[in-house]
Amino acid sequence: MSSSTRVGAAACVAVLAGIALVEGGQLPPWGALVLGSAAVLVAAHLELRRLDGLRHFVEGLVRDAEAPGGAGAAASGAGAAAADAAGRRAVRLLAQAGDAIGRLAAALDGLAGRLERRQAQLRGANEQQGAILAAMAEGLLALDRERRVVHVNDEARRLLGIERPVPPRTLLSELTRAPAILRAVDDCFDDGERVVDEFQVAGRDPPCVLLVTASPSPLAEAGAPACVLVLQDVTELRRLEQVRRDFVAAVSHELRTPLTSILGFLESVLDDPQLDVERRQQFLGKVQRNTERILAIVSDLLDLARIEGSQTLELQPVSLGLLAAQCVDACREQASQKQIELVLERGTVNDAVEAEPPSVVMALSNLLDNALKYTPAGGHVKLALGGDSAAVYVDVIDDGPGIALHEQERIFERFYRVDKDRSRALGGTGLGLSIVRNVARRHGGQVAVHSRPGQGCRFRLSLPRHPRRPVARS
Ligand code: ADP
């Protein structure tokens, strides 16, 4: 029954009832008219209230549909009818009546359901996008045309040193004053092209170098991101590049000296055919010694490159005491030539470790070679084993010249020698201890020195019994 039919029917019933009452003398003749009019008014009022309920419901739908689809919408208790469950129930009641208002209510109820599903999909997509942006290793900032922040991820806040959440529509200039970032954004807006810049963040200790990339957004429109800023922490990358440059310079320098000598002596021999045999032999001897020096440097460099270059360690269960014994046996001749007493004390410690035997032998040989090299004739060199449940160590102890405290950390750097001439005269390359340190670190262990000038040295190479995985190279 339509609403107008219902109003008409109510009026008819009221008029008929009125006529009956007039005929029964219970009402004056105009009473039927009044009764009919009142019935019409009440019925019309009720219909208007039904329509009003629908109007409220539609207004709620429009409000929800216009709410931004972002997290804010979700947080504001989104969902068209979900926000107004009572209104939804009322509409469903209205829909049960089969009249025009009921059919309209049913159509609106269906629309609300579709809107709810669509908003749930949008919320899901938003959450997924947020999770991806939050997991990015790079810092990301999206800006609108007015340079207000539309989105900022956690990494960007970390890199810019912002601890609190960034309120929506914050100006970029309120977040950072880094000139390189502001300039990159300005240039990106001016030229409409990607701008890349790099800068050192002011006042950071340790220093932090950031790479900034400002790209114009292809989706730029009112309120949407117009520029996307990506921030990358390239501090470690730049440090490694510097280390590589320094290393290449140091190697070139180390090789140039013996090569220049070789060239000089060869020229002297070639330019003077009358050179007496003794001088000639002397010059050629120097050529030979410099060539041996170059070979020693190249051989140590290759060892270093092999340790640093290997992705994995070929670990196997070994006895550290047995490896130390092999090294001692290989050096017996060198020790006896210098009349140095060489002793190995394996003790009773359980010396089982998981290690890569060739690397450990290389490290121990370098320590032992140094001890024999720098200890004067008639001195003493001892290898002693020790350990606990987590690690096993070998101490290489000598009673040579010792090393001053301020030199002790530097001796592990590549090509660093306390006394260059003495090291060169003894055939040193300045790479031995950095090989030892690399082997120790790759196993997750360490090497340390205890020494006082004039009182000898004790180098301790300590290896974990069960290394977890190869540790990053230095
Ligand atoms: P080198 O090839 O010159 O020995 P290393 O890297 O093995 O290079 O050692 C670096 C420096 O540490 C050496 O040049 C030397 O000055 C010092 N050094 C190492 N071991 C000893 C030691 N047992 N006694 C005294 N000085 C040592």
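Here are some exercises with worked solutions on a predicted model of a protein with a bound ligand.

**Exercise 1. Which polar atoms of the protein lie close to N or O atoms of the ligand, at 2.9 Å or 3.1 Å?**

Step 1. Start with the ligand's nitrogen side. A nitrogen atom of the ligand sits 2.9 Å from an N or O atom in the side chain of Asp 398.

Step 2. Now go to the oxygens. An N or O atom in the side chain of Lys 373 is 3.1 Å from a ligand oxygen.

Step 3. Don't forget the backbone. Gly 430 has a backbone N or O atom 2.9 Å from an oxygen atom of the ligand.

Step 4. Check how much of the ligand is covered. On its own the ligand has 530 Å² of accessible area, and the protein covers 99% of that.

**Exercise 2. Work out what the shell around the ligand is made of, by element and by class.**

Step 1. Place the ligand. The space it takes is the second largest pocket.

Step 2. List the elements. Those that give two or more residues to the shell are α12 (357–374), α13 (420–425), α14 (432–442) and β12 (457–464).

Step 3. Pick the top contributor. That's α12, which gives the most, with 4 residues.

Step 4. Sort by class. The shell has 10 nonpolar, 6 polar and 4 charged residues.

Step 5. Find the nearest ones. Of the 20 residues around the ligand, Asn 370, Tyr 374, Ser 423, Thr 429 and Leu 433 come nearest.

**Exercise 3. Is Arg 417 buried or exposed, and which side chains does its own side chain contact?**

Step 1. Locate it. Arg 417 belongs to the loop between β10 (391–398) and α13.

Step 2. Apply the cut-off. Buried means under 20% relative accessible area. Arg 417 has 8% relative accessibility, so it counts as buried.

Step 3. Look for partners. The side chains of Arg 417 and Glu 254 are joined by a polar contact of 2.9 Å.

Step 4. Add the other partner. The side chain of Arg 417 also makes a 3.5 Å polar contact with the side chain of Ser 423. You've met Ser 423 already, among the residues that come nearest to the ligand.

**Exercise 4. Do the accessibility check for Val 418, then find its C-alpha distance to Ile 403.**

Step 1. Val 418 is in the loop between β10 and α13.

Step 2. Its relative accessibility is 41%, so Val 418 counts as partly exposed.

Step 3. Ile 403 is 15 residues away along the chain, and the two C-alpha atoms are 7.9 Å apart.

**Exercise 5. Track down the backbone oddities at Pro 206, Arg 169 and Gln 339.**

Step 1. Recall the background. Most peptide bonds are trans, and most residues other than glycine have a negative phi.

Step 2. Take the peptide bond from Asp 205 to Pro 206. It's cis, with omega near 5°. Pro 206 lies in the loop between β3 (195–200) and β4 (209–216).

Step 3. Move to Arg 169. This residue isn't a glycine, yet its phi is positive, at about 65°. You'll find Arg 169 in the loop between α6 (154–160) and α7 (172–175). With a relative accessible area of 45%, Arg 169 is partly exposed.

Step 4. Finish with Gln 339. Its phi is positive too, at about 50°, although Gln 339 is not a glycine. The loop in this case runs between α11 (320–337) and β7 (341–345). Exposed means over 50%, and Gln 339 has 59% relative accessibility, so it counts as exposed.

**Exercise 6. How far apart are Glu 116 and Ala 65, in sequence and in space?**

Step 1. Glu 116 lies in helix α5 (residues 100–135).

Step 2. Glu 116 has a relative accessible area of 26%, so it's partly exposed.

Step 3. Glu 116 and Ala 65 are separated by 51 residues in sequence, and by 9.3 Å from C-alpha to C-alpha.

Terms used
Residues are numbered from 1 along each chain as its sequence is written. This is a predicted model: local features need pLDDT of at least 70, side-chain atom pairs count only at pLDDT 80 or more; totals for chains, interfaces and linings use all residues. Side-chain values use heavy atoms; hydrogens and water are left out. A residue is near a molecule or strand if one of its heavy atoms lies within 4 Å of it. A polar contact is a pair of N or O atoms within 3.5 Å; within protein, one must be able to donate a hydrogen and the other to accept it, and residues adjacent in sequence count only if both atoms are side-chain atoms. Accessible areas come from the Shrake-Rupley method with a 1.4 Å probe; for residues, only the protein chains shown count as cover. On a 1 Å grid over the protein atoms alone, a cavity is a set of points where a 1.4 Å probe fits but cannot get out, and a pocket is an open set with protein on both sides within 12 Å along at least five of seven lines; lining residues have an atom within 4 Å of a point. A molecule sits in a cavity or pocket if more than half of its atoms lie within 2 Å of its grid points. Ala, Val, Leu, Ile, Met, Phe, Trp, Tyr, Cys and Pro count as nonpolar, Asp, Glu, Lys and Arg as charged, and the others, Gly among them, as polar. Buried means under 20% relative accessible area, exposed over 50%, partly exposed in between (1.4 Å probe, protein chains only).
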